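Subject: Handing over the structure

Hi,

Here is the structure I promised to pass on. Have a look at it first, and then read my notes below.

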Amino acid sequence: MSKGIFITATGTDVGKTYVTALLVKKLRDAGVNAGYYKAALSGAEEQPDGSWLPGDAAFVAQTAGIPAKPEELVSYIYKTAVSPHLAALREGNPVEMSKIVRDYQASLATYDYVTMEGSGGIICPIRWDEQHILLEDIIKELGLGTLVISSAALGSINACVLTVYYLQQHGIPVRGIILNNYDADDFMQADNKRMIEAISGVPVVAAVKPNAQELDIDVQFLQSLFK
Ligand SMILES: Nc1ncnc2c1ncn2[C@@H]1O[C@H](COP(=O)(O)OP(=O)(O)OP(=O)(O)O)[C@@H](O)[C@H]1O
Ligand SMILES: [Mg+2]
């Protein structure tokens, strides 16, 4: 049976897409039929032919060698680079939970291991008109466990542990933390890694150096984090 995991982070631009690309690449390089899915992407890039490219999906598909068009990997593509709820208020086409569920199930039917990338951090309004959908509603609806991407820079203990606590308080399992742009030679970052694990009780399952081209993790262990 196909499995999935949800990638969230301590905020936007922390490296969800970068780390996800390396994660999916790791699986695919090992011969695993791994795919990528994102429910809602804001800030699509206009192409010379007038189409709008979902950059996150393009980066992951290219890096990991997923044989699909980027637009097939994202359910809602907005032009405005703001939270999906606000982009939809401007552009129309608000997120329907039923479409997310359908598209995620279709992804599970195509790939054995689906890595789903969130939007922004963990508190992210996805739709806010007569209907209210938060990112966590989607994670719960799909029954996914999560990986939290965090920096290890100054302030990361607070940001990372708060994110883990928020997920847990909302009944969402946290399967691990991945530190991005990690510098093991920096005594503070090494201590941040130790303290994030000690306070949150969640293991740091990988640490990604700046410009890393590979995720340093055992493939079978990585597969075991999916549900
Ligand atoms: N380990 C890394 N080494 C080099 N560049 C990185 C690394 N991690 C992230 N980046 C770069 O930092 C920027 C932000 O990363 P990324 O797009 O992965 O963030 P994100 O959390 O997916 O953002 P969003 O919330 O917009 O989806 C990108 O330009 C990405 O290439
Ligand atoms: Mg991204």
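Let's begin at the metal. Along the chain, the donors of the magnesium ion (ligand 2) follow the spacing T-x38-D-x60-E. Thr17 sits in helix H1 and Glu117 in strand S6 (residues 113-117), so this pair ties together parts that are 100 residues apart in sequence. One thing to keep in mind as you read on: this is a predicted model.

Which atoms do the holding? The protein donors of the magnesium ion are Thr17 (OG1), Asp56 (OD) and Glu117 (OE), and they lie 2.0 to 2.2 Å from the ion. Are Thr17 and Glu117 buried or exposed? Thr17 has 14% relative accessibility, and because the cut-off for buried is under 20%, Thr17 counts as buried. Glu117 is at 2% relative accessibility, so Glu117 counts as buried too.

Next, ligand 1. There are 17 residues around it, and Thr12, Lys16, Thr17, Asn180 and Asn211 come nearest. Glu117 turns up here again: an N or O atom in its side chain is 3.1 Å from an oxygen atom of ligand 1. The side chain of Lys38 has an N or O atom 3.5 Å from an oxygen atom of ligand 1. With Asn181, the partner is a nitrogen atom of ligand 1, which lies 3.3 Å from a polar side-chain atom of that residue. On its own, ligand 1 has 630 Å² of accessible area, and the protein covers 71% of that.

What is the shell around ligand 1 made of, by class? You'll find seven polar, six charged and four nonpolar residues in it. Helix H1 (residues 16-29) supplies the largest share of the shell, with three residues.

While you are at helix H1, take a look at Thr20, which has its place there. Thr20 has a relative accessible area of 0%, so it is buried. A polar atom of the Thr20 side chain lies 2.6 Å from the backbone oxygen of Lys16, and Lys16 is among the residues that come nearest to ligand 1. Not counting residues up to four places away in sequence, Thr20 touches Ile7, Tyr36, Val60 and Thr115.

Two loop residues caught my eye for their backbone angles. Asp13, in the loop between strand S1 (3-9) and H1, has a phi near 65 degrees, a positive value in a residue other than glycine. Asn211 also has a phi near 65 degrees, and its place is the loop between strand S11 (204-208) and helix H8 (219-224). Are they buried or exposed? Asp13 counts as exposed because its relative accessibility is 77%. Asn211 has a relative accessible area of 64%, so it is exposed as well. Asn211 is also one of the residues that come nearest to ligand 1.

Last stop: Ala68, in the loop between helix H2 (55-64) and strand S5 (74-77). Ala68 counts as buried because its relative accessibility is 18%. What does Ala68 contact, leaving aside its neighbours within four places in sequence? The answer is Ala61, Leu73 and Tyr111. To place Ala68 with respect to Val19, go by the C-alpha atoms: they are separated by 19 Å, with the two residues 49 apart along the chain.

Happy browsing!

Terms used
Residues numbered from 1 in each chain as written. Chains lettered and ligands numbered in written order. Predicted model: local features only at pLDDT ≥ 70, side-chain atom pairs only at ≥ 80, totals over all residues. Heavy atoms only, no water. Near = heavy atom within 4 Å. Polar contact = N/O pair within 3.5 Å; in protein donor to acceptor, adjacent residues only side chain to side chain. Areas by Shrake-Rupley, 256 points an atom, 1.4 Å probe, with all protein chains shown as cover. Helix = DSSP H or I, 4+ residues; strand = E, 2+ residues; numbered from the N terminus. Nonpolar A, V, L, I, M, F, W, Y, C, P; charged D, E, K, R; others polar. Buried < 20%, exposed > 50% of the residue type's maximum accessible area, 1.4 Å probe, protein only. Contact = heavy atoms within 4.5 Å. Donors = N, O, S within 2.8 Å, 3.2 Å for Na, K, Ca; no water.
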